[in-house]
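Good morning, colleagues. Please bring the sequence and the coordinates up on the screen, and I shall begin with one residue and then widen the view.

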Amino acid sequence: EACHKKTFNMLSVSVTFGACIAVAAIFFIVQGTDPPPGGFHPILPNDTHLQPAVNFAAANVNKMCNCAFCQTLVEVSNSSEKVVSGALYQFTMTMQESDKCKVTQCTEKVSPTECPPTDGRKPYTCDALVLSTPWVDPPLRLFNLTCNEPSF
């Protein structure tokens, strides 16, 4: 019977600890506070701090592309940020060819307004990881850029 009590007590401690963690998580969500440091946390795709990293990654797609026409940015999704010495941004870009602009026009900035996607062209995705350190030159570093199509 003593073994049963020990097991029950350990189970009780585990359940109590789990409940405390759940309450703390709900508290953070309800309070709208930042998540604890150390990991990636979701951010909105239109976050103003994310936009320079997205433009930088999209421009790099065009720099690495052996294309005649601009690969324009259609959408940003799955965006997250990790605070380090600077900010590490992880996101997915949906890209599509634009026959309105030559690729050389999109190696610094990719504007879907100036270079709209071509109807009938298949969109593709690129996953990017960009470090932003505004006080360092260059302020943006590309750590990963993986596109599923076309091949670069």
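Lys-82 touches Gly-38, Gly-39, Phe-40, Ala-87 and Leu-88, if residues up to four places away in sequence are not counted. I should say at once that this is a predicted model. Lys-82 itself belongs to strand β2. With a relative accessibility of 25%, Lys-82 counts as partly exposed. One of its contacts, Gly-38, is 44 residues away along the chain, yet the two C-alpha atoms are separated by 7.1 Å.

Let me now place that strand in the fold. The chain has two helices and five strands, and along the sequence they follow the pattern α-β-α-β-β-β-β. Of the 152 residues, 32% are buried. The exposed surface of the chain comes to about 9,900 Å², and carbon and sulfur atoms supply 60% of it. As for contacts between residues at least 6 apart in sequence, 66% join residues at least 24 apart.

How are the five strands arranged? They form an open sheet in the order β1-β2-β3-β4-β5, with antiparallel pairing. The edges are taken by β1, residues 41-42, and β5, residues 140-147; each has a single partner strand, so one side of each is left without a neighbour in the sheet.

I shall go through the pairings from the β1 side. β1 and β2 run antiparallel and are joined by two bridges; there, Pro-42 stands opposite Ser-80 in β2. Between β2 and β3, also antiparallel, there are 13 bridges. One example is Phe-69, whose bridge partner in β3 is Lys-102. The connection from β2 to β3 is a hairpin through one residue. β3 and β4 then pair in the antiparallel sense over nine bridges, and Ala-87 stands opposite Ser-132 in β4. You will recall Ala-87 as one of the residues that Lys-82 touches.

Next, the helix that covers the sheet. Helix α2, residues 51-64, lies across β2, β3, β4 and β5, and it runs at about 60° to β5.

Which residues have the most contacts inside the largest nonpolar core? They are Phe-91, Met-93 and Met-95, in a core of 25 residues. The elements that give two or more residues to this core are α2, β2, β3, β4 and β5, and β3 gives the most, with six residues. Met-95 illustrates the packing well. Leaving aside neighbours within four places in sequence, Met-95 is in contact with Ala-58, Val-61, Gln-71, Thr-72, Leu-73, Val-74, Pro-123, Tyr-124 and Cys-126.

I turn to charged pairs. Side chains of opposite charge can pair when their charged atoms come close. A search of the whole structure finds two salt bridges. In one of them, Glu-97 pairs with Arg-121, and the closest N and O atoms are 3.2 Å apart. Glu-97 lies in strand β3 and Arg-121 in the loop between β3 and β4, so the pair ties together parts that are 24 residues apart in sequence. Is each partner buried or exposed? Glu-97 counts as buried, because its relative accessibility is 18% and the limit is 20%. Arg-121, by contrast, is partly exposed, at 41%.

The other salt bridge joins Lys-100 and Asp-99, with the closest N and O atoms 3.0 Å apart. Here Lys-100 is exposed, with a relative accessible area of 54%, while Asp-99 is partly exposed at 33%.

Finally, two points of backbone geometry for anyone who intends to work with these coordinates. Most residues other than glycine have a negative phi, and most peptide bonds are trans. Asn-78 has a phi near 50°, a positive value in a residue other than glycine. Asn-78 is found in strand β2 and is exposed, with a relative accessible area of 59%. The peptide bond from Asp-137 to Pro-138 is cis, with omega near 0°, and Pro-138 sits in the loop between β4 and β5.

To close, I would draw the group back to the overall picture: an open antiparallel sheet of five strands, helix α2 lying across β2, β3, β4 and β5, and a nonpolar core to which β3 gives the most residues. Thank you; I am glad to take questions.

Methods:
Residues numbered from 1 in each chain as written. Predicted model: local features only at pLDDT ≥ 70, side-chain atom pairs only at ≥ 80, totals over all residues. Heavy atoms only, no water. Helix = DSSP H or I, 4+ residues; strand = E, 2+ residues; numbered from the N terminus. Buried < 20%, exposed > 50% of the residue type's maximum accessible area, 1.4 Å probe, protein only. Contact = heavy atoms within 4.5 Å. Areas by Shrake-Rupley, 256 points an atom, 1.4 Å probe, with all protein chains shown as cover. Salt bridge = Lys/Arg side-chain N within 4 Å of Asp/Glu carboxyl O. Pairing = 2+ DSSP bridges. Axes fitted to C-alpha atoms, helices over the stretch in contact; angles between N-to-C directions. Core = buried A, V, L, I, M, F, W, Y, C linked by side-chain atoms within 4.5 Å.
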